[in-house]
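Me: Hey, could you walk me through this protein? I'm new to reading structures.

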Amino acid sequence: MKIASFNINGIKARLPRLLEWLDETRPDIACLQEIKTQDDGFPAADFEAIGYHAIWHGQKSFNGVAILARGQVPVEVQRGLPEMKWPGDEADEQARYLEAEVQGIRICNLYLPNGNPQPGPKFDYKLAWMERLRERCAAHLAAEIPAVVLGDFNVIPTDQDVWSVKAMADDALMQPQSRDAYARLLNDGWTDAIATLNPRGGVWTYWDYQAGAWQRDHGFRIDHLLLSPACADRLVAAGVDKAYRGREKASDHAPVWVNLRD
């Protein structure tokens, strides 16, 4: 089974590139982030025309996530994370999380907050969101649910996941608090598929549109695929479809994927 994640950075603007990638690589499950459209503007018919059924959680102009499955309809389990247990989060309506059951696996698709500028309220929101995510993931582990938690985490886990530590030193993606929150998640029992199969690092999933980052290969890894123990036992391969970043009107992210043994 091939499960993929792709921050498409605007589904309407990049629909031809997205359909091209789906047609050429044929993942069984594809999770999308930053679809940047309200629910009624999601192009479900275009995906159905090539054999994919979709569920989505949209938001006007920002954020938004979707789950596509080839040949079957994903069974939605939850949209959005549970509210925080402390005041101030009651109005959190950002479309950043969607969870579904597909082929016996719980698919948890996320677009984690960026957190910049830091320090400040956006960074505080990022860290609080990560704690909420950890609580949700812990429930899956406790119930021994086969699960894949994937998407744009907006966290550069280690120094070997970035082209230049110095260039990103002040960014929210690489702050000790962000890295520590990600490490705590892994230590609960999740396997970072790409890191496990590429222990020397040097694998990027994002290249900025500015300063010739793509042409100079100045990228970093922020799109991750985390496997529960049952799914980690089935891990066969994982990688990045890097070439799609270089195509015309491409997203600034490349798709990432994992293959699990049936």
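**Salt bridges and burial**

Reply: Sure! Heads-up: this is a predicted model, where local features need pLDDT of at least 70 and side-chain atom pairs pLDDT 80 or more, while totals for chains, interfaces and linings use all residues. Residues are numbered from 1 along each chain as its sequence is written, and side-chain values use heavy atoms, leaving out hydrogens and water.

Me: How much surface does the protein expose?

Reply: Accessible areas here come from the Shrake-Rupley method with a 1.4 Å probe; for residues, only the protein chains shown count as cover. Carbon and sulfur atoms supply 50% of the exposed surface. The total is about 11,300 Å².

Me: What percentage of the 262 residues is buried?

Reply: Buried means under 20% relative accessible area, exposed over 50%, and partly exposed in between (1.4 Å probe, protein chains only). By that cut-off, the buried share of the 262 residues is 55%.

Me: How many salt bridges are there?

Reply: Side chains of opposite charge can pair when their charged atoms come close. Here a salt bridge needs a side-chain nitrogen of Lys or Arg within 4 Å of a carboxyl oxygen of Asp or Glu. Arg17 and Glu20 form one, at 3.1 Å from N to O. By this rule the count is 15.

Me: Is Arg179, the partner of Asp159, buried or exposed?

Reply: The two side chains meet in a salt bridge at 2.9 Å, N to O. Asp159 has a relative accessible area of 42%, so Asp159 is partly exposed. Arg179 has 17% relative accessibility, so Arg179 counts as buried.
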